[in-house]
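Please read the following report alongside the sequence and the coordinates. The topics are the overall fold, two covered strands, one helix, some aromatic contacts and backbone angles.

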Amino acid sequence: MAHLLFRLGEEPLIEYRLRPGRTTIGRADSCDVALPGGEISRTHCIVDGDGESWRIIDRSRHGITVDGKPATRAELRDGSVLSVGPYTVEVRLSRATARPTDDVVGDRAHELILATDDGTLMVEQSWLVVVAGPDQGRRVALRAPRLTVGGPGSDVALRDPDLQPDHARLRTSRGRVMVEPGRGATFLDGARVRDVTPLYLEDELSLGQTVLRVERAPQDEQPVAGRFGDMVGESAPLRAVFGTLRRYAGHHFPVLITGESGTGKELAARGVHDASSRAGGPYVPINCAAIAANLFESELFGHERGAFTGADARKDGAFHKAEGGTLFLDEVGELPLEVQSKLLRALESGEVRRVGSTQVSYPDVRVVAATNRDLVAEVRRGEFREDLYFRLAVLSVHVPPLRERPQDVAILARSLARGLHPGCEVTDDAVALLQQHAWPGNVRELRNVLTRAYVMTGPRIDAASLSFHDLGAPPKDPGADAHTLEEAERAYIMRILDQVEGNRSAAARILGLPRSSLQYKIRRLGIE
């Protein structure tokens, strides 16, 4: 993982992790790394890269140096030393970073998440009900993708003396239960089970003296968690976001993360990957706002040698690189319309075709996307595809802005200060002043304010050492238009149903939803 280590004199100041795309460095709070000083321009320079190669571009009146030589544009290598005003920056391209493991959750593929509404999850839970036999009336929630049923020693142990351990096996995937043979004879509606067979709601499963049936019931949940990955906070809205993200991590559906710039959407996406069963696979982030429109298809899907001018060798795209892991599409609202259609096709069919190739591959990839745009308004203006929006927003979560959760400022400030230096201290009067600020730049602005104070006054940050830049009024909260999202979703589903003449199975296939999820949405949205 690439890092930039900033020093002032011999004192280490900041260690910043580079992510694919553009990293801005300058005096303005809107920069990714804000450095105070009269020799620093508002946007002093830009570091740009794709995760494998990196370059620096000067944007200042004061200039930069790379390895002691003045430069306006230069390729960076491991160990390169940059001079930015009075600061020295060391480039580290090969540093390994530890993966957090304390948030890892189990695979929740057995659940079917039907909808989300104000942080509340609607989860369809499957139950195994004993309708006859020694355990008649017993109900067991199926809370794992695979369970054994039978005598003592089984996951679901029954008192039936005719059963042996692992008598039958149940699989649950997205709320659908299937039975497969175990060590004993199992019968479904009188016929012996000899292969994996779906269990429908009215089916009866017989083993020994016991008769079983499957029931499903949706239930509301309000999950909460104290932290998630590198994200910290104590407020109720953020704890609800943490809980929701933890539940999402156990699934393989696409996730759309919305929120203003600087709220931590990238940290949320990384946390979903690290807490999922894909944590051992690659995590490939793509900044959609930092790629030229004519290169998008190549970046996402790769290209063959000779596919276009400059294509000197075959190249894997982001989908190939993320095989077995997670592809994070940051600022997905910046995708050009012509690329949106190609991304939609890949999400619908799983097919990925390199530019200039006739061969199709099917990489196993989970897509997590993020945006600070109001995609509902973009859809209404025709600037974002409606069908792609609903493909990406199968599971969605909104990260609230910092001004709506001032109680998180203290814990965030002290956590960010420790990242600047282990001995960095934020006093109570500084925290009180920080809590009064509106934070239009959210957590990124808070980090930059603390960085400026630390550089100017040292490791003890008090109220007198804080200074704020006027970033204007806070942007409009995308969550305020939640009702318009519901209206757009209702209109879109009605249009699809009209196209297929009311055939709900066909509509579910077009929408990329399980049929039960579509039926739930039809009831919730009042569609007749």
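The report below moves from the whole chain to its strands, and then to single residues.

This is a predicted model, in which local features need pLDDT of at least 70 and side-chain atom pairs count only at pLDDT 80 or more, while totals for chains, interfaces and linings use all residues. Residues are numbered from 1 along each chain as its sequence is written, and side-chain values use heavy atoms, with hydrogens and water left out.

**The chain as a whole**

The secondary structure comes to 13 helices and 34 strands, where helices (H or I, at least four residues) and strands (E, at least two) are DSSP runs numbered from the N terminus. The radius of gyration of the chain is 27 Å, which agrees with the value near 24 Å that a compact globule of 528 residues would have; the radius is taken over C-alpha atoms, and the globule rule is 2.2 Å times the number of residues to the power 0.38. Along its principal axes the C-alpha trace spans about 85 × 60 × 45 Å. Of the 528 residues, 51% count as buried, a term that means under 20% relative accessible area, with exposed meaning over 50% and partly exposed lying in between (1.4 Å probe, protein chains only). The chain exposes about 23,600 Å², of which carbon and sulfur atoms supply 47%; these accessible areas come from the Shrake-Rupley method with a 1.4 Å probe, and for residues only the protein chains shown count as cover. Among contacts between residues at least 6 apart in sequence, 58% join residues at least 24 apart, a contact being heavy atoms within 4.5 Å.

**Two covered strands**

In a regular strand the side chains alternate between the two faces of the sheet. Strand β5 (residues 45–49) has five of its five residues buried, with Cys 45, Val 47 and Gly 49 on one side and Ile 46 and Asp 48 on the other. Strand β28 (residues 326–330) likewise has five of its five residues buried: Thr 326, Phe 328 and Asp 330 point one way, and Leu 327 and Leu 329 the other way.

The pairings of these strands are listed in the table, two strands being paired if DSSP finds at least two bridges between them.

| Strands | Sense | Bridges |
|---|---|---|
| β3 (residues 21–26) and β5 | antiparallel | five bridges |
| β5 and β6 (residues 54–58) | antiparallel | five bridges |
| β27 (residues 283–287) and β28 | parallel | five bridges |
| β28 and β31 (residues 366–371) | parallel | four bridges |

At the level of residues, Ile 25 has Cys 45 in β5 as its bridge partner, whereas Ile 46 is matched with Ile 57 in β6. β5 and β6 form a hairpin with four residues between them, and Gly 51 in the turn has a positive phi of about 100°. In the parallel pairings, Asn 287 stands opposite Asp 330 in β28, and the bridge partner of Phe 328 in β31 is Val 368.

**A covered helix**

Helix α2 (residues 265–274) is mostly covered, with nine of its 10 residues buried; among them are the charged-type names Lys 265, Glu 266, Arg 270 and Asp 274, together with Ala 268 and Val 272.

**Aromatic rings**The structure holds four aromatic pairs; rings of Phe, Tyr and Trp (its six-membered ring) pair if their centres lie within 6.5 Å, with planes under 30 degrees apart counted as stacked, over 60 as edge-to-face and the rest as tilted. One of these pairs is formed by Phe 301 and Phe 319, which are stacked at 5.6 Å centre to centre with 20° between the planes. Phe 301 lies in helix α3 (residues 296–301) and Phe 319 in helix α4 (residues 318–321), so the pair ties together parts that are 18 residues apart in sequence. Phe 301 is buried at a relative accessible area of 2%, and Phe 319 counts as buried at 5%. Tyr 389 and Phe 390 form an edge-to-face pair, 5.1 Å centre to centre and with 75° between the planes, and both of these residues are buried.

A cation also meets a ring: the charged end of Arg 139 sits over the ring of Trp 127, 4.8 Å from its centre, where the criterion is that NZ of Lys or CZ of Arg is within 6 Å of the ring centre and within 35 degrees of the ring normal.

**Positive phi angles**

Most residues other than glycine have a negative phi. Asp 67, in the loop between β7 (64–66) and β8 (69–71), has a positive phi near 55° and is partly exposed, with a relative accessible area of 35%. Trp 439 also has a positive phi near 55°; this residue is placed in the loop between α9 (428–434) and α10 (442–457) and counts as buried at 1% relative accessibility.
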